[in-house]
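Please open the model in a viewer and keep the sequence panel visible beside it. The tour below proceeds by selections, each followed by a description of what is to be found there.

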Amino acid sequence: MSLGHEKLDVYRLSLGYVAWVYQQADTLNGIHRSARDQWLRASQSIPLSIAEGNGKTAGADRRRYFEIARGSAMECAAIQDVLVVGKALDGAESERHKHELDRIAAVLS
């Protein structure tokens, strides 16, 4: 059985991003704990909002959830910047994954 949102490329792309965030979160502690927790929440919000929005029948409702998912993607990019500045995340690796976030945001726009 496959639900509607599971067929969306943007949903699958967002799950791949969340998987990477979980891997990185394992390495973050101490002074990076609050950024880690916020990053986990924001990354999870992307596929969750996509799924919820895809389940809406009214166009305005659907659009609102996709806008929330897009905002969460932008928040993740900013959190990555914070972690790079704090020397907790490699800048080159962050840039590679920002391209994923850019693709997610573009599809949701």
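Helices here are DSSP runs of H or I with at least four residues, numbered from the N terminus. The model is a predicted one.

**The loop between α3 and α4**

Select K87 to begin. This residue is placed in the loop that joins α3 to α4, and its positive phi of about 60° comes just after α3. K87 has this positive phi although it is not a glycine. Is K87 buried or exposed? With a relative accessibility of 75%, K87 counts as exposed, because the threshold for that class is over 50%.

**Helix α3**

Step back from the loop into α3. Its 27 residues should span 39 Å at 1.5 Å a residue, and the end C-alpha atoms are indeed 39 Å apart, so the two values agree. Now colour the buried residues of α3: Y65, F66, A69, S72, A73, C76, A77, I79, Q80 and L83. The elements that cover them include α1, α2 and α4. Before leaving this helix, display the side chains of R64 and Y65. The charged end of R64 sits over the ring of Y65, at 4.9 Å from the ring centre.

**The nonpolar core**

Next, display the largest nonpolar core, which has 25 residues; Y17, W39, I46 and I50 are those with the most contacts inside it. At least two residues of this core come from each of α1 (9-25), α2 (33-54), α3 (59-85) and α4 (91-108).

Centre the view on Y17. Which residues does Y17 contact, leaving aside its neighbours within four places in sequence? They are W39, S43, I46, C76, Q80, H97, E100 and L101.

**Helix α1**

Extend the selection from Y17 to the whole of α1. This helix has 17 residues and reaches 24 Å from its first C-alpha to its last, close to the 24 Å expected at 1.5 Å a residue. The buried residues in α1 are V10, Y11, L13, S14, Y17, V18, W20, V21, Q24 and A25. Among the elements that cover them are α2, α3 and α4.

**The aromatic cluster**

Show the rings of Y17, W20 and W39, which form one aromatic cluster. The structure holds 2 aromatic pairs. One of them joins Y17 and W20 in a tilted arrangement, 5.8 Å centre to centre with 45° between the planes. Y17 and W20 are 3 residues apart in helix α1, so about one helical turn separates them. An α-helix has 3.6 residues a turn, so residues three or four places apart point the same way.

Both Y17 and W20 are buried. Turn next to W20 and W39, whose rings form an edge-to-face pair, 5.4 Å centre to centre with 85° between the planes. This pair links distant parts of the chain, with W20 in helix α1 and W39 in helix α2, 19 residues apart. How much relative accessible area do these two residues have? W20 has 6% and W39 has 0%; both are buried because the limit for that class is under 20%.

**Helix α2**

Follow W39 into the rest of α2. The helix has 22 residues and reaches 32 Å from its first C-alpha to its last, close to the 32 Å expected at 1.5 Å a residue. Where does α2 have a kink? Select S45: a kink of about 25° lies there, shortly before the proline P47.

Two further residues of α2 merit a selection. R36 lies in this helix and, at 18% relative accessibility, counts as buried. Not counting residues up to four places away in sequence, R36 touches A25, L28 and N29. A51 is also found in α2. Its C-alpha atom is separated by 10 Å from that of V10, although A51 and V10 are 41 residues apart along the chain. Leaving aside neighbours within four places in sequence, A51 is in contact with H5 and Y11.

**The segment before α1**

Finish at H5, which has its place in the segment before α1. H5 counts as buried, at 13% relative accessibility. Beyond residues up to four places away in sequence, H5 touches Y11, A51 and N54.

Methods
Residues are numbered from 1 along each chain as its sequence is written. This is a predicted model: local features need pLDDT of at least 70, side-chain atom pairs count only at pLDDT 80 or more; totals for chains, interfaces and linings use all residues. Side-chain values use heavy atoms; hydrogens and water are left out. A nonpolar core is a set of buried Ala, Val, Leu, Ile, Met, Phe, Trp, Tyr and Cys residues joined through side-chain atoms within 4.5 Å. Buried means under 20% relative accessible area, exposed over 50%, partly exposed in between (1.4 Å probe, protein chains only). Contact means heavy atoms within 4.5 Å. The expected span of a helix is 1.5 Å times one less than its number of residues. Rings of Phe, Tyr and Trp (its six-membered ring) pair if their centres lie within 6.5 Å; planes under 30 degrees apart count as stacked, over 60 as edge-to-face and the rest as tilted. A charge sits over a ring if NZ of Lys or CZ of Arg is within 6 Å of the ring centre and within 35 degrees of the ring normal. The bend at a residue is the angle between axes fitted to the seven residues ending there and the seven starting there.
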